Amino acid sequence: MKYFTLILASIFALNASAADYKQLLEKSRAGDPIALNELGEYYADGDGGKITPNYEIAISCWNRSARGGCAKAFTNLGTMYYTGKCVERNIPKAVEFWTEGAKRGEQASQYMLGNAYCKGIAVLPDIQTAAFWWSKSAEQGNMRAQNNLAFAYAKGEGVAKKDLKKAFELWKASAEQGYAPAQIYLGLCYFTGDGVAPDPKKAVAIWHNAAEINGNVEALYYLGVASASGAGVPKDIRTAFRYFSAAAARGHKQAAEEVEKMRISFGGDNLVAPAPKKGL
């Protein structure tokens, strides 16, 4: 078979464990759908960057895996057709693959299919269908689906009713997995008291974590808001200006507006911490 010929031609360039690779290859030759999907992922990923990715082999493996019923292979094929890697870009075909993967319970396909219905990508926009698929994916722990579903509940769109507590719970679940956008909105829930008892100090702690560990520009902006208002931290205009300036330097428009407002209100010299005196 063509794809096995391609694999054998590049086998000496591999850096994976020889025993593991041999076992995976043997299972793939026997037609094991899961092994075929994993082999495709191996080549698409390039063994974690150790070798040049080979999408031709990956797609060959995924096609066989999908024919064998592996749900994750449908997700991977959908991604290839959506991005146009090694195949002619075909958005409707990508959505078809995600639909099949979603029906088979694959959480990433469910998330992507939800996005397609939300934005009207190759299907008619349908926020209720989007929320349905996001909920299926969120139940399996997909942090991005949890974040999107949280917005649906916060706005009352595509779900039975607006539910801020449910939105908070979903943002919390997503944020605890390290998803930076969810961390921002989890902080906002604590800051404003939407869906949970207000706790500005906790909000600030969450934003500090997002800013320092993930370098999140939105977190810098909200740290500026907290410092300017004195909610969760002592009110400090200079500290607020520093956060707003850092966010503005990375393209945050609202932060840039705050920087200009503060310069007009307080004067530039009053917003910069004075240099320490000599001898101190």
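Me: Contact here means heavy atoms within 4.5 Å. With that in mind, which residues of α10 meet which residues of α11?

Reply: The model is a predicted one. In it, F168, W171, K172, S174 and A175 of α10 meet A182, Q183, Y185, L186, C189 and Y190 of α11. Sorted by kind, the residues of this contact are eight nonpolar, two polar and one charged.

Me: What makes α10 and α11 oblique to each other?

Reply: Helix α10 (residues 164–175) packs against helix α11 (residues 180–192) at an angle of about 135°, and their axes are 8 Å apart. An angle counts as roughly antiparallel over 145 degrees and as roughly perpendicular from 65 to 115. The angle of about 135° falls in neither range, and α10 and α11 are therefore oblique. The crossing of α10 and α11 is left-handed.

Me: Why are α8 and α9 called oblique to each other?

Reply: The axes of helix α8 (residues 127–139) and helix α9 (residues 143–155) cross at roughly 135° and come within 8 Å. Angles over 145 degrees would count as roughly antiparallel, and those from 65 to 115 as roughly perpendicular. The crossing of α8 and α9 fits neither class, so the two helices are oblique to each other. Their crossing is left-handed.

Me: Which residues bring α8 and α9 into contact, and of what kinds are they?

Reply: On the α8 side they are A131, W134, S135, S137 and A138, which meet A145, Q146, N148 and L149 in α9. The residues of this contact comprise five nonpolar, four polar and no charged.

Me: How do you know how many disulfides the structure has?

Reply: A disulfide requires a pair of cysteine sulfur atoms within 2.5 Å. A search of the whole structure finds zero such pairs. For C61, the nearest cysteine sulfur is that of C70, 11 Å away, and C61 is in no disulfide. C70 is likewise in no disulfide, with the sulfur of C61 nearest at 11 Å.

Me: Why are C61 and C70 called buried?

Reply: Buried means under 20% relative accessible area. C61 counts as buried because its relative accessibility is 0%. C70 stands at 11% relative accessibility, and therefore counts as buried.

Me: What is noteworthy about the phi of C86, and where is C86 found?

Reply: C86 has a positive phi of about 70°, although it is not a glycine. Most residues other than glycine have a negative phi. C86 is found in the loop between α5 (71–83) and α6 (91–103).

Me: Why does C86 count as partly exposed?

Reply: Partly exposed covers the span between under 20%, which is buried, and over 50%, which is exposed. The relative accessibility of C86 is 49%, so C86 counts as partly exposed.

Me: What is the phi of A122, and why does A122 count as partly exposed?

Reply: A122, although not a glycine, has a positive phi of about 65°. A122 is found in the loop between α7 (107–119) and α8. Its relative accessibility of 45% is neither under 20% nor over 50%, so A122 counts as partly exposed.

Me: What makes P125 count as exposed?

Reply: Exposed means over 50% relative accessible area. P125 has 58% relative accessibility, and therefore counts as exposed. P125 lies in the loop between α7 and α8.

Me: Which residues does P125 touch, leaving aside those up to four places away in sequence?

Reply: With that exclusion, P125 touches Y117 and G120. P125 and N115 are ten residues apart in sequence, and 9.6 Å apart in space from C-alpha to C-alpha.

Technical notes: Residues numbered from 1 in each chain as written. Predicted model: local features only at pLDDT ≥ 70, side-chain atom pairs only at ≥ 80, totals over all residues. Heavy atoms only, no water. Axes fitted to C-alpha atoms, helices over the stretch in contact; angles between N-to-C directions. Helix = DSSP H or I, 4+ residues; strand = E, 2+ residues; numbered from the N terminus. Parallel < 35°, antiparallel > 145°, perpendicular 65-115°, else oblique. Left-handed = near helix turned anticlockwise from the far one by under 90°. Nonpolar A, V, L, I, M, F, W, Y, C, P; charged D, E, K, R; others polar. Buried < 20%, exposed > 50% of the residue type's maximum accessible area, 1.4 Å probe, protein only.
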